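Subject: Structure handover

Hello,

Here is the structure for you to look at. My notes on what was found follow below it.

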Amino acid sequence: MTLFLLISAIILIACVIGSKLSTRFGVPTLLFFIGLGMLFGSDGLFQIHFEDYSLAEKICSAALIFIMFYGGFGTKWKTARPIAKQAVLLSTFGVFITAALTGIFCHLVLGLPPLEGLLIGAVLSSTDAASVFSILRSQKLNLKYSTAPMLEIESGSNDPIAYTMTAIFISLLQGSGSAGSIAYMIFAQVVYGFGIGVGI
């Protein structure tokens, strides 16, 4: 138990230091956390074995919720209002186009079946919000034409589209997705999600 607490304390201190360094040098914090996971993981220097995938999924889902809504809480509506239309187009049609092009590349170049290629495209299609916020806010780039808030809104709002596409392609690959269930899934994500979000 003492060793567990010691390692946990070391990891937490390393996270705080890494977060400060990444903010100072403009490097996405995500890169530091990936390196930290590799260092302490089962194949790393400390070889900590962790096989509770259910707990990992719950922790990652909770973290994803914070990441997805961070953009909305951190962006001022006064600044975002003039470019909201462009940001929404980027976070919807932009994600569709990125997923489609990636899927076509995976099919034609890597030789994957079309649905598997589109699944990879859907997973890779959304912008990493944490990296975008970190770079734009830590570096103070002063981009023209309200580009910074547009990118923040886009990166903070494109995850639901990518998530829905991923769920659709997984259900199609498993053979459990009918046209009705897919249509209802899209309806539920858009209508219920938008309603709950506005309500909150």
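In what follows, helices are DSSP runs of H or I with at least four residues, numbered from the N terminus. Please keep in mind that this is a predicted model.

I start with a pocket. The second largest pocket has a volume of about 790 Å³. There are 19 residues lining the second largest pocket, and Ile11, Leu36, Gly37, Phe40 and Phe50 are the closest to its centre. Three helices, α1 (2-25), α2 and α3, each supply at least two residues of that lining. The largest contribution is from α1, with six residues. Sorted by class, the lining of the second largest pocket has 13 nonpolar, five polar and one charged residues.

Next, helix α2, which covers residues 29-40. With 12 residues at 1.5 Å a residue, α2 should span 16 Å, and its end C-alpha atoms are 17 Å apart, which agrees. Which residues of α2 are buried? They are Thr29, Leu36 and Phe40. These buried residues cover an arc of only 20° around the axis, so they sit on the same side of α2. Leu31 and Met38, on the other side of α2, are exposed. Two of the buried residues, Leu36 and Phe40, were also named above for the pocket.

Following α2 there is a loop that runs to α3 (53-74), and glutamine 47 is found in it. Is glutamine 47 buried or partly exposed? Its relative accessibility is 48%, and because partly exposed covers the range between 20% and 50%, glutamine 47 counts as partly exposed. Setting aside neighbours within four places in sequence, glutamine 47 is in contact with Phe40, Gly41 and Ser42.

The last part concerns α6 and α9. Helix α6 takes in residues 114-124, and Gly117, Leu119, Gly121 and Ala122 are buried there. The buried residues of α6 pack against α5 (84-108) and α9.

Phenylalanine 169 lies in helix α9, residues 159-173. Its relative accessibility is 13%, and since buried means under 20%, phenylalanine 169 counts as buried. What does phenylalanine 169 contact, leaving aside its neighbours within four places in sequence? The contacts are Leu115, Leu118, Leu119 and Ala122; Leu119 and Ala122 are among the buried residues of α6. Phenylalanine 169 and isoleucine 182 are 13 residues apart in sequence, and their C-alpha atoms are 9.7 Å apart in space.

Regards

Notes. Residues numbered from 1 in each chain as written. Predicted model: local features only at pLDDT ≥ 70, side-chain atom pairs only at ≥ 80, totals over all residues. Heavy atoms only, no water. Expected span 1.5 Å × (residues − 1). Buried < 20%, exposed > 50% of the residue type's maximum accessible area, 1.4 Å probe, protein only. Arc of directions from axis to C-beta. Contact = heavy atoms within 4.5 Å. 1 Å grid on protein atoms, 1.4 Å probe; cavity = no way out; pocket = protein on both sides within 12 Å on 5 of 7 lines; lining within 4 Å. Points joined across faces, edges and corners; volume = space filled by probe spheres on them. Nonpolar A, V, L, I, M, F, W, Y, C, P; charged D, E, K, R; others polar.
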